[in-house]
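Student: I would like to go through this structure by asking how each label is earned. Could you set each value against its rule?

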Amino acid sequence: MTATLFDALLALLLVWLGWRTVVSTNLFNAVVLFVIFGLLMVLCWARLGAPDVALAEAAIGAGLTAALLLEAYRDLTGNDPHHVHDVEDSPLRWPLAALCGLLFLGLVATGWQLAPPTELGETVHARVAESGVENPVTAVLLNFRGYDTLLEVAVLMLALLGVWATNGPHATLGSRQTLDPDSALIDAMVRLLVPMAALVCSYLLWAGAHAPGGAFQAGAVLAGAGVLLHLAERLQPLGTASTSSRALVTVGLFVFVAVACYPLVYGGRLLAYPDGQTKALIFLVEAALTVSIAHSLTLMFSGGRAFQRGRR
Amino acid sequence: MAVLDAFYHSLGWLWLVLGAGFFLAGTVALIRFPDVYSRLHALTKADNLGLGLICLGMAWELGWGRQSLKFLLIWLLALLAGSVSCHLVARFALRSGLGPDDPP
Amino acid sequence: MSQLTLYGLAAAALFALGLYGLLAYAHLLRKILAVNVMGNAVFLFLVALGRTDPQQTNPVPHAMVLTGIVITVSATAFALALARRLHREVGAVDLDAQSRRGEALDSTQTEESGKS
């Protein structure tokens, strides 16, 4: 009974936050409310029995997206929350609202009749032992549906290329007012948090095989450390890509493709890992993915194409 | 022995309720105080203490061992992040010229 | 009310709200926020739908949502970079500004061709 009450309260809060995010006139409030929405989603995932998703949402959704949005907010508005810039909102607000209300009813009506699919889940649980890992989500991500993950990594790289292309050669990097980096407290925080983030990243990567965790969560935590280093001016973004930066960004995709093609060598099919080597291959792929994801996400945040040691 | 157990568990619940109470106090302060500095002061202190009590209550109820060390680590990390953010916000407010009793 | 019903209703409401935000507001940052809200609504629905048996979780929607979260953050980063570039080039943050600038360019071009 209390569990249902808690779920109801959570669901209600989520909808309220989503509503306020969309209709707030103050843009800064909208961004902050969206970050809080992300954090409440983490609670939802925990309630729905999805700890891997909760970890990923906490690191990526509530952490990195928040940093990206706040930075974009600062660049687009110059910190003026009511900045309007003669932007006119659509005059069709009320008809649109009515249409969206109809959509809501339609979604509820359709969703009500959906039979929850269980067949795939049972198949996965029956054959988890064959996949080389014990965590069923990791098994699905890196073994049973390896194609999806392979293409996802390619999409991440494409997004990074897109960011590089839009930034162009005259990107105004480093012309930003960062945190005041002379603070001794920031020094202490960086010294404590970055090694700890590296430790947590390694733990998540290793634990992904038998407990909630995995490459994406680990990569996101490391990217968080990278963002911290960038903001504290320990890492300086550069305008031209260096060999090491290109290598770090692409190593995940290359290793995954290599491991996928490896069975072709002796007549197997793509991504059909040979028995007995699955665990090692999966770990290899995950380690490469972690490094790639962390570097790509940090580069996407900073807008640069490589990093060098900062002035501090 | 049952009495001792009951006493033990009610103490555990006391820590959790007190922790929630501190969070509530901090949130009330966030809403009611007039300026950035007093809000920061109340919020950071109340939230850190509240989190400490909640972590204590969780460790109390769920058993002492490796788990409770994780709770301690969580509290220390949150303490670090909270204090540094408070410091940075206060510094930024000071440098922007916000004085005490100025509405943020 | 089961968890599926509660979270399913919330997901449907969030999707409708996100769509409204995407269509009704012109500011690009608002549109990006609205699309993110819609994405989160879809993920919520997927996972809630997979939660039939509290004992044994269905890992397939979890994996799909994980993939979705990573792709959402990549797409958001790209969209924000595009918005920032538009702001740098044209100085405005809505798509109407781009078409206004296009119209201004067109009118100056017709003036020049009219004179010559």
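Student: Why does Leu49(C) count as buried?

Tutor: A note before the answer: this is a predicted model. Leu49(C) has 13% relative accessibility. The label needs a value under 20%. Therefore Leu49(C) counts as buried.

Student: Where does Leu49(C) lie, and with which residues is it in contact?

Tutor: Leu49(C) lies in helix H2 of chain C. Leaving aside neighbours within four places in sequence, Leu49(C) is in contact with Leu114(A), Pro116(A), Pro117(A) and Leu4(C). Contact here requires heavy atoms within 4.5 Å.

Student: What separates Leu49(C) from Ala75(C)?

Tutor: Along the chain, 26 residues. Between their C-alpha atoms, 25 Å.

Student: Now the chains. How many residues are in contact between chain C and chain A?

Tutor: On chain C, 68 residues; on chain A, 87. The area buried between these two chains is about 7,000 Å². Carbon and sulfur atoms give 76% of that area. Tyr7(C), Leu33(C) and Leu66(C) supply 9% of what chain C buries against chain A, more than any other three residues.

Student: What makes the pair Asp75(A) and Arg84(C) a salt bridge?

Tutor: The closest N and O atoms of Asp75(A) and Arg84(C) are 2.9 Å apart. The rule asks for a side-chain nitrogen of Lys or Arg within 4 Å of a carboxyl oxygen of Asp or Glu. The pair meets that rule, so it is a salt bridge. The count between chain C and chain A is 2 salt bridges.

Student: How many residue pairs are in polar contact between chain C and chain A?

Tutor: There are 9 such pairs, with both residues at pLDDT 80 or more.

Student: Which elements give two or more residues to the side of chain C that touches chain A?

Tutor: Helix H1 (3-24), helix H2 (28-49) and helix H3 (59-90) of chain C. H3(C) gives the most, with 23 residues. By class, the residues on this side of chain C divide into 44 nonpolar, 17 polar and 7 charged.

Student: What makes H1(C) mostly covered?

Tutor: The count of buried residues: 16 of the 22 in H1(C). H1(C) reaches 31 Å from its first C-alpha to its last. The span expected at 1.5 Å a residue is 32 Å, and the value for H1(C) is close to that.

Student: How do you know that chain B and chain C share no contact?

Tutor: Their closest C-alpha atoms lie 21 Å apart, and no contact joins the two chains. Of the 2 pairs of chains that touch, A and C have the most contacts.

Student: What do chain A and chain B bury between them?

Tutor: About 850 Å², 76% of it on carbon and sulfur atoms. Here 9 residues of chain A are in contact with 9 residues of chain B. The salt bridge count between chain A and chain B is 0. The polar contact rule also finds 0 residue pairs across this interface, with both residues required to be at pLDDT 80 or more. The side of chain A that touches chain B has 7 nonpolar, 1 polar and 1 charged residues.

Student: Why is Ser68(B) called buried?

Tutor: Its relative accessible area is 12%. The limit is under 20%, so Ser68(B) is buried. Ser68(B) is found in helix H3 (residues 66-95) of chain B. Not counting residues up to four places away in sequence, Ser68(B) touches Ala59(B) and Gly63(B).

Student: What lies 2.7 Å from a polar atom of the Ser68(B) side chain?

Tutor: The backbone oxygen of Gly65(B).

Student: Why remark on a positive phi in a residue that is not a glycine?

Tutor: Because most residues other than glycine have a negative phi. Glu233(A) has a positive phi of about 65° and is not a glycine. Leu271(A) is not a glycine either, and its phi is positive, about 65°.

Student: Where are Glu233(A) and Leu271(A) found?

Tutor: Glu233(A) is in the loop between helix H9 (215-231) and strand E1 (235-238) of chain A. Leu271(A) lies in the loop between helix H10 (243-261) and helix H11 (278-302) of chain A.

Student: Are Glu233(A) and Leu271(A) buried or exposed?

Tutor: Glu233(A) has 12% relative accessibility, so it counts as buried. Leu271(A) has 8%, so Leu271(A) counts as buried.

Conventions: Residues are numbered from 1 along each chain as its sequence is written. Chains are lettered from A and ligands numbered from 1 in the order in which they are written. This is a predicted model: local features need pLDDT of at least 70, side-chain atom pairs count only at pLDDT 80 or more; totals for chains, interfaces and linings use all residues. Side-chain values use heavy atoms; hydrogens and water are left out. Buried area is the accessible area (1.4 Å probe) that two parts lose on being put together, summed over both. A polar contact is a pair of N or O atoms within 3.5 Å; within protein, one must be able to donate a hydrogen and the other to accept it, and residues adjacent in sequence count only if both atoms are side-chain atoms. Helices (H or I, at least four residues) and strands (E, at least two) are DSSP runs, numbered from the N terminus. Ala, Val, Leu, Ile, Met, Phe, Trp, Tyr, Cys and Pro count as nonpolar, Asp, Glu, Lys and Arg as charged, and the others, Gly among them, as polar. The expected span of a helix is 1.5 Å times one less than its number of residues. Buried means under 20% relative accessible area, exposed over 50%, partly exposed in between (1.4 Å probe, protein chains only).
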